[in-house]
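Welcome! Please take a moment to turn the model around on your screen, and then let us walk through it together.

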Amino acid sequence: MAKRDYYEVLGVGKSADEKELKAAYRKLAKQYHPDANPGDKTAEASFKEINEAYDVLKDPQKKAAYDRFGHQAFDGGMGGGRGPGFGPEFNSSMSDIFEDLFGDFMGGSNRGRRGGRGGGGAARGADLRYNMEIGLTEAFTGKSAQIRVPSSVSCEACNGSGAKPGTAPKTCTTCGGQGAVRSQSGFFTVERTCPTCQGRGQVISDPCNGCAGQGRVTRERTLSVNIPAGVEDGTRIRLASEGEAGVRGGPAGDLYIFLSVRPHEFFQRDGADLFCKVPVSMTTAAMGGDIEVPTIDGKKARVGIPEGTQTGKQFRLRGKGMPVLRSSQTGDMYIQVAVETPVNLSRRQRELLRDFEKESRHNSPESEGFFARAKAFWDGFGS
């Protein structure tokens with residue numbers, strides 16, 4: 001029985017992106033999963049078909065081969081041109097496309113190996129990650145910091161070549177300097193990393209004593225980092241070529257600094273805006289008044305509290321928030337009022353509050369309105 005088109009299996013078009021493919025797969029996999037269809041052989045077959053289709057289409061390289069050659073790109077019948085209509089020209093074309101698509105997977109094509117070795121045997125160094133924690137005020141102002149990073153650096157004794165001073169690496173005789181060896185198996189040409197030079201294309205017969213032939217040694221370095229104003233939690237700063245040194249003179253990797261911002265005792269951040277929860281006494285909230293609140297720049301701001309202010313009321317202070325990264329804009333600051341109920345009352349204070357309660361008439365509209373609605377609610381159940 002001929003296989004169905006993979007796009008048809010998943011119910012998507014050929015232009016579907018990764019997100020659409022994943023959504024279609026999840027929906028169908030959930031529908032036909034064996035656990036949801038116990039004993040249903042048809043559902044089990046559909047589930048396998050869905051997984052097979054998604055396994056190919058989710059991989060950009062496999063998808064490219066499938067789009068060009070269909071199911072035959074992965075069927076064994078293509079090997080050696082044995083299938084009908086597949087002559088030498090087709091084999092040559094397929095050899096080129098498979099080398100382009102899967103060259104890296106199989107150890108890298110000759111073209112890429114020759115062009116990306118940095119003079120033979122060199123390999124780019126690894127990228128490094130450094131976690132840094134800063135305060136919210138430092139995120140507001142920005143700062144310059146010194147960090148100490150242990151990493152691999154180029155060996156000074158051999159200038160990164162890995163060979164003992166006065167000597168030089170030699171071309172690998174097994175692979176001829178290519179870093180890979182090839183073997184033919186029917187239609188496919190399989191390329192593997194050279195076992196002698198481990199893919200470097202060169203061998204060192206007399207290694208450097210300082211680095212044992214690696215061309216790099218481990219050192220702790222001190223680096224300066226400029227943190228711009230407005231950075232947020234999770235911001236990543238890249239320091240180019242400050243990662244590990246490359247093997248045998250290869251280019252250095254990069255250093256990535258990941259920032260985390262500590263919580264502040266007064267302010268909560270939401271993007272460029274700041275929120276500050278301020279407790280206000282019951283008398284100030286009832287009669288009104290002015291309060292002073294801190295701002296992120298270490299200064300004070302005066303806020304007028306209107307008479308009858310309730311908990312949850314917000315007041316906006318324009319331009320008192322965080323700077324927007326790499327911009328001249330600034331966020332705002334919001335004061336969130338929390339009316340504080342008095343505690344530890346004296347006898348005299350209790351008497352005054354009782355007198356106040358006796359004189360109260362419509363001073364608490366929200367409370368009165370709530371309990372009026374509650375009474376109507378209860379009466380509705382009793383009728």
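Glutamine 198 lies in the loop that links strand 5 (188-193) to strand 6 (202-203). This is a predicted model, and in it glutamine 198 has a positive phi of about 55 degrees, although this residue is not a glycine. Is glutamine 198 buried or exposed? Its relative accessibility is 52%, so glutamine 198 counts as exposed, because exposed means over 50%.

Now move along the chain to another loop, the one between strand 8 (236-239) and strand 9 (255-261), where you will find serine 241. Serine 241 is not a glycine either, yet it has a positive phi of about 60 degrees. With a relative accessibility of 47%, serine 241 counts as partly exposed; that label is used for values between the 20% limit for buried and the 50% limit for exposed.

Next, look towards the end of the numbering. Helix 10 covers residues 365-382, and phenylalanine 377 is found there. Which residues form a nonpolar patch on the surface with phenylalanine 377? They are Trp378 and Phe381, and together the three have about 440 Å² of accessible area. Phenylalanine 377 itself counts as exposed, because its relative accessibility is 52%.

From these details we can step back to the whole chain. Its secondary structure comes to 10 helices and 15 strands. The chain has 383 residues, and 34% of them are buried. The accessible surface comes to about 23900 Å², and carbon and sulfur atoms account for 49% of that. What about contacts between residues at least 6 apart in sequence? Of these, 61% join residues at least 24 apart.

Finally, let us go inside. The largest nonpolar core has 37 residues, and the members that touch the most others in it are Ile257, Val293 and Ile335. Take isoleucine 335 as a place to stop and look around: leaving aside residues up to four places away in sequence, isoleucine 335 touches Cys276, Val278, Val293, Val303, Lys313, Gln314, Phe315 and Leu317. There is also a second, separate core, made of 18 residues, and among them are Ala24, Phe47, Ile50 and Leu57.

Definitions and conventions
Residues numbered from 1 in each chain as written. Predicted model: local features only at pLDDT ≥ 70, side-chain atom pairs only at ≥ 80, totals over all residues. Heavy atoms only, no water. Helix = DSSP H or I, 4+ residues; strand = E, 2+ residues; numbered from the N terminus. Buried < 20%, exposed > 50% of the residue type's maximum accessible area, 1.4 Å probe, protein only. Patch = residues over 30% accessible without salt bridge, like charges linked within 9 Å, V, L, I, M, F, W, Y side chains within 5 Å. Areas by Shrake-Rupley, 256 points an atom, 1.4 Å probe, with all protein chains shown as cover. Salt bridge = Lys/Arg side-chain N within 4 Å of Asp/Glu carboxyl O. Contact = heavy atoms within 4.5 Å. Core = buried A, V, L, I, M, F, W, Y, C linked by side-chain atoms within 4.5 Å.
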